[in-house]
Amino acid sequence: MKRLQGKVVAITGASSGIGRGLAERFAAEGAAVVLGARTASKLEELAASIRKAGGKALAVPMDVRREEDIVRFVQTAVQKLGRLDVFVNNAGIGVWKRVEDTSLAELHAVLRTNLYGTFLGSREAFRHMRAHGGGTILNISSMAGKDAWEGTGLYSASKFGVQGLSRALADEGRAHGVRVSCICPGMVDTPLISTADVASRDELIAVADVAEAAIYLATLAPNVMVQDLL
């Protein structure tokens, strides 16, 4: 039996990489997936692919840096599909520089997407879930949200922020049936990682493994809370 039959899952940054893998995996488990990203053509192609495989998908072009887009994204999921059970904050970018070589504009860009976007998505999903009996919020963090190294300053700052935000929101949601968890993978085999970063792409984590971790967290028993999955 499909583990998420009848559920609705919304995913930001769904058009490629981890987001695409999550969307395909959730759809395969029976969930109707709401796909959010900036490039409409990529979203439509993914939605069509999921439908062709027998799944349900709704493409909603949006930008996590825009509050009104996040609000519309959640509202569209609920209005079109009747509910929202799981919200995945996946959209993210990276700037890999030493702190002394980093501009304020680059800091703003990373924080607006990785941290502010996660805040907005979590807030809007939480508001709906709290009012409708609960749900699950999954934030794609990183091992760089648990530690930091040379060249990861901006990215780690944003992901450390995601960790703190998630811990606080998990505590706030406990009494209302809203679970909040972070998935903290190392380097994943996506276009974000260049061949110059590793000796072999065989060293990288498969997108499918991250997706399986997300399915695990989304199907936990109601009173089970996992804060971080590494």
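Start by selecting residues 86-89 and 135-140 in this predicted model. These are strand 4 and strand 5, and they run parallel to each other, paired over 4 bridges. Now show the side chain of Phe87 and look across to strand 5: the residue standing opposite is Ile137.

**Next stop: the whole sheet**

Colour the strands and step back a little. How many strands form the open sheet, and in what order? There are 7 of them, in the order 3-2-1-4-5-6-7, and the pairing is parallel. To find the edges, select 56-61 and 228-229: strand 3 and strand 7 each pair on one side only.

**Walk over to strands 1 and 2**

Select residues 8-12, which make up strand 1, then add strand 2, residues 32-37. These two pair in the parallel sense over 5 bridges. For a landmark, pick Thr12, which faces Gly36 of strand 2.

Stay with strand 2 for a moment. Is it buried or exposed? Here 6 of the 6 residues are buried, so strand 2 is largely enclosed by the rest of the structure. Here's a handy rule: in a regular strand the side chains alternate between the two faces of the sheet. Try selecting Ala32, Val34 and Gly36 in one colour, and Val33, Leu35 and Ala37 in another: the two groups lie on opposite sides, and both sides are covered.

**Hop onto a helix**

Select 104-131 to light up helix 4, then pick out Leu115 within it. What does Leu115 touch, leaving aside residues up to four places away in sequence? Show Val110, Ser158, Gly161 and Val162, and you have its contacts. For a distance check, click the C-alpha atoms of Leu115 and Ser15: these residues are 100 apart in sequence and 19 Å apart in space.

**Zoom out**

Now switch to a cartoon of the full chain. You should find 6 helices and 7 strands. Trace the chain along its sequence and the pattern reads β-α-β-α-β-α-β-α-β-α-β-α-β. The radius of gyration is 17 Å, close to the 17 Å the globule rule gives for 230 residues, so the chain is as compact as a globular protein of that length. Its C-alpha atoms fill a box of roughly 50 × 40 × 30 Å along the principal axes.

Colour by burial, and buried residues come to 50% of the 230. Turn on the surface: about 10900 Å² is accessible, with 53% of that belonging to carbon and sulfur atoms. Last, colour by charge to see 27 positive and 24 negative side chains; the centres of the two sets lie 8 Å apart.

How values were computed. Residues numbered from 1 in each chain as written. Predicted model: local features only at pLDDT ≥ 70, side-chain atom pairs only at ≥ 80, totals over all residues. Heavy atoms only, no water. Rg over C-alpha atoms; globule rule 2.2 N^0.38 Å. Buried < 20%, exposed > 50% of the residue type's maximum accessible area, 1.4 Å probe, protein only. Areas by Shrake-Rupley, 256 points an atom, 1.4 Å probe, with all protein chains shown as cover. Lys, Arg positive; Asp, Glu negative; His and termini not counted. Charge placed at Lys NZ, Arg CZ, Asp CG, Glu CD. Pairing = 2+ DSSP bridges. Contact = heavy atoms within 4.5 Å.
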